[in-house]
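Subject: Handing over the structure, with notes on what was found

Dear colleague,

Here is the structure that I promised to pass on to you, followed by my notes. Please keep it open beside this email while you read.

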Amino acid sequence: MSAQRMSNAADATNALDIAPVAGRIGGVVQGVKLAPDLDDETLGRVWRALCRHKVLFFRDQHHLDDAGHQAFGRRLGTPTTHPTAPAQVGDFLLELDSKHGGKSNVWHTDLTFVTSYPAASILRAVVIPAVGGDTVWANAAEAYARLPAPLRALADELWSIHSNDYDYAANQTERDAGTDAYQAEFIKTVYEAEHPLVRVHPETGERSLVLGAFFKKFVGLGESESRRMYEIFQTHITRLENTVRWSWRAGDVAIWDNRATQHYAIDDYGDQRRIVRRVTIHGEPPVAIDGRRSRQVKPDQAPEMKVAC
């Protein structure tokens with residue numbers, strides 16, 4: 001039997017203390033206090049580790065309040081607002097509160113209905129249920145690398161439309177007024193973007209699959225054919241072997257590379273309260289293998305997303 005690589009092994013050249021969580025994605029970083037005054041060398045190591053492990057976890061970051069969270073986001077990149085979600089806190093924080101419909105129990109990459117969707121997200125746990133409420137991430141680069149050759153060749157040629165106008169409530173455990181109000185605000189303006197199914201990572205050069213819940217259809221295919229093709233590739237992304245599951249504690253922070261992952265917030269905590277807050281870092285339009293870039297379909301220009309000065 002041939003040996004199989006463990007792609008998530010720690011990087012011996014990175015001085016950070018990182019313990020891999022799963023075989024293909026995720027690492028816990030020890031001994032780093034996330035803050036606006038984090039030195040440049042450590043910040044660079046965190047970013048390099050993020051590109052390698054795809055999602056990093058930091059325990060016990062209780063010192064990080066809303067202001068510090070936003071200021072740290074400015075150190076990591078250029079924060080942006082969410083173009084459709086209603087629950088903004090401060091300048092760039094998006095609050096996801098289970099009491100007000102803020103649940104994300106669908107597999108997705110953040111904001112793929114716009115061309116320049118975020119490069120990374122920084123999520124901070126504020127109120128966590130006593131039981132349940134974990135989040136799962138999937139490595140979309142590993143999914144591409146492990147596709148059978150015929151499927152990989154097909155994926156290289158496909159483009160798809162992503163939209164925020166999908167049935168958000170259909171995936172909720174319980175539909176209520178808060179969920180309906182959240183969805184109504186979410187789709188008040190409809191966005192559509194055209195992306196390559198396979199994007200090239202601007203820093204690592206890795207190829208990854210761009211799919212998730214905002215997918216609408218493949219360009220040139222009908223709805224039925226698109227859905228069947230979607231299920232084939234989406235299933236490869238979310239295979240358990242490609243995932244890592246994180247059990248939150250208040251004060252935890254997770255940072256993920258939104259260019260190479262999907263994530264899913266598990267809704268298994270009933271009426272317990274769950275509040276998390278997120279800063280997203282501005283990204284560039286995906287570039288396909290042939291060099292073509294994503295484009296905005298609706299509206300015909302990319303949305304005005306506020307960025308940090």
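A good place to begin is residue Val89, whose bridge partner in strand β6 is Leu93. Before going further, please bear in mind that this is a predicted model, in which local features need pLDDT of at least 70 and side-chain atom pairs count only at pLDDT 80 or more, while totals for chains, interfaces and linings use all residues. Residues are numbered from 1 along each chain as its sequence is written, and side-chain values use heavy atoms, with hydrogens and water left out.

**Strand β6 and its partners**

The names of the elements come from DSSP runs, numbered from the N terminus, where a helix is H or I over at least four residues and a strand is E over at least two. Two strands are said to pair if DSSP finds at least two bridges between them. Strand β5 (residues 88–89) is joined to β6 by 2 bridges, and these strands run antiparallel. Together β5 and β6 make a hairpin with 3 residues between them, and Gly90 in that turn has a positive phi of about 65°. Strand β6 is also joined by 4 bridges to strand β17 (residues 275–281), again in the antiparallel sense, and there Leu94 stands opposite Arg278.

How many of the residues of strand β6 (residues 93–97) are buried? The count is 5 of 5, where buried means under 20% relative accessible area, exposed means over 50% and partly exposed lies in between, with a 1.4 Å probe and protein chains only. In a regular strand the side chains alternate between the two faces of the sheet. In β6, Leu93, Glu95 and Asp97 point one way, whereas Leu94 and Leu96 point the other way, and all are buried.

**Two open sheets**

One open sheet has 4 strands in the order β13-β9-β10-β18, with antiparallel pairing. Its edge strands are β13 and β18 (295–298), each of which pairs on one side only. Neighbouring strands of this sheet are turned by 30° against each other on average, direction ignored; here the axes are lines fitted to C-alpha atoms, for helices over the stretch in contact, and angles run from 0 to 180 degrees between N-to-C directions. Within the sheet, strand β9 (residues 159–163) is joined to β13 by 3 bridges, and Ile161 has Lys217 as its bridge partner in β13.

Another open sheet has 3 strands in the order β14-β8-β16, also with antiparallel pairing. The edge strands here are β14 and β16, each pairing on one side only, and neighbouring strands are turned by 20° against each other on average, direction ignored. Strands β8 and β16 pair over 5 bridges, with Trp137 opposite His263 in β16.

**Helix α6**

Why does the length of helix α6 (residues 223–237) agree with what is expected? At 1.5 Å a residue, taken times one less than the number of residues, its 15 residues should span 21 Å, and its end C-alpha atoms are 21 Å apart.

The buried residues of α6 are Ser226, Met229, Tyr230, Phe233, Gln234 and Ile237. They pack against β8 (135–139), α3 (140–145), α4 (149–155), β12 (207–209), β13 (215–218) and β16 (261–265). One of the buried residues is Gln234, which counts as buried because its relative accessibility is 6%. Leaving aside neighbours within four places in sequence, Gln234 is in contact (heavy atoms within 4.5 Å) with Trp107, Leu211, Gly212 and Gln262.

**Aromatic rings**

Rings of Phe, Tyr and Trp (its six-membered ring) pair if their centres lie within 6.5 Å; planes under 30 degrees apart count as stacked, over 60 as edge-to-face and the rest as tilted. By this rule the count comes to 9 aromatic pairs. The rings of Phe57 and Trp246 have centres 4.1 Å apart and planes at 5°, so this pair is stacked. Phe57 lies in strand β3 (residues 55–58) and Trp246 in strand β14 (residues 243–246), so that the pair links parts of the chain 189 residues apart. Both Phe57 and Trp246 are buried.

Phe215 and Tyr230 form a stacked pair as well, at 4.8 Å centre to centre and with 20° between the planes. Phe215 belongs to strand β13 and Tyr230 to helix α6, and both are buried. Arg227 lies over the face of Tyr230, at 4.6 Å from the ring centre; a charge sits over a ring if NZ of Lys or CZ of Arg is within 6 Å of the ring centre and within 35 degrees of the ring normal. Finally, Phe57, Trp137, Trp246, Trp248 and Trp256 form one aromatic cluster.

With best wishes
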